[in-house]
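I opened this model to look up how its ligand is held. My notes follow the structure.

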Amino acid sequence: MIRLDKYLADMGIGTRQEVKRRIRQGKVTVDGTVVRSPEYKVDEECTVCCDGGRVCYEAFEYYMLNKPAGVVSATEDRTEKTVIDLIGGQRRKDLFPAGRLDKDTEGLLLITNDGALAHRLLSPKKHVDKMYYVRVKGAVTEEDVHAMAEGINIGSSALEEWTKPAVLDIISSGRESAVRLTIQEGKYHQVKRMFLARGKEVTYLKRERMGALALDESLQPGEYRRLTEEELKDLYETDRHA
Ligand code: URA
């Protein structure tokens, strides 16, 4: 059971103060009866309406976002647009991105308020695959494939920082190359630093997969949708098997 004002605020109807005001103004009903006390206790079985519209309670929400370049992976930022700003409509107010993509990186980002799931998907100990499509200046070679499979020092000779083995698949190699790189960690700028350590500059980076969750290619950059039941189930399975 939770307080009526918290129920409405959690579901993004307004701030705690705003929803209290609306409750006191008689704009909120519970199971068809106007309730004017914000501390009134409700649960998920109750039919709660605000201004005549039903407000269903969801403890957890899960969205797949195709992150566009130019927005930051944060919940709020004083100057930059964030990935959370892209999630419109009525939604929980405690959403956050499960992991970070650089400002110029595109692709799959899970937006949720399920901290336990996010933690397990991101923990390096869980070995969850993250697959990236990468375009790189210059030719990518079999030597790069082997080096990535061994693990790469993305630190310096003075202060080494080794990545775990990664799988590099060459799609095309030439003046500009296209590859897929699968890693199981999420070190700062990891993919870019892995290629830099091989003397190559990443010109485009897009995450296509995280564990069982694949980017829905029908989502244009900036578009999002809720995860399907199936995707959520598979994600929990990834998590259990990791
Ligand atoms: N590796 C990077 O370098 N950047 C990202 O955004 C994700 C992985």
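These entries cover the ligand and its surroundings.

I am working with a predicted model, where local features need pLDDT of at least 70, side-chain atom pairs count only at pLDDT 80 or more, and totals for chains, interfaces and linings use all residues. Residues are numbered from 1 along each chain as its sequence is written, and side-chain values use heavy atoms, without hydrogens and water.

I listed the residues around the ligand (a heavy atom within 4 Å). They are Leu101, Asp102, Thr105, Tyr132, His189, Gln190, Val191, Lys192 and Leu205.

I looked up polar contacts (N or O pairs within 3.5 Å). A side-chain N or O atom of threonine 105 is 2.8 Å from a ligand oxygen. Valine 191 places a backbone N or O atom 3.1 Å from a ligand nitrogen. A polar backbone atom of lysine 192 lies 3.1 Å from a ligand oxygen. The protein covers 95% of the ligand's own 240 Å² of accessible area (Shrake-Rupley, 1.4 Å probe).

I checked the domains (bounds from an automatic or database assignment). Domain 2 (62–124 + 212–241) and domain 3 (129–210) both give shell residues, so the ligand lies between them.

How values were computed:
Polar contact = N/O pair within 3.5 Å; in protein donor to acceptor, adjacent residues only side chain to side chain.
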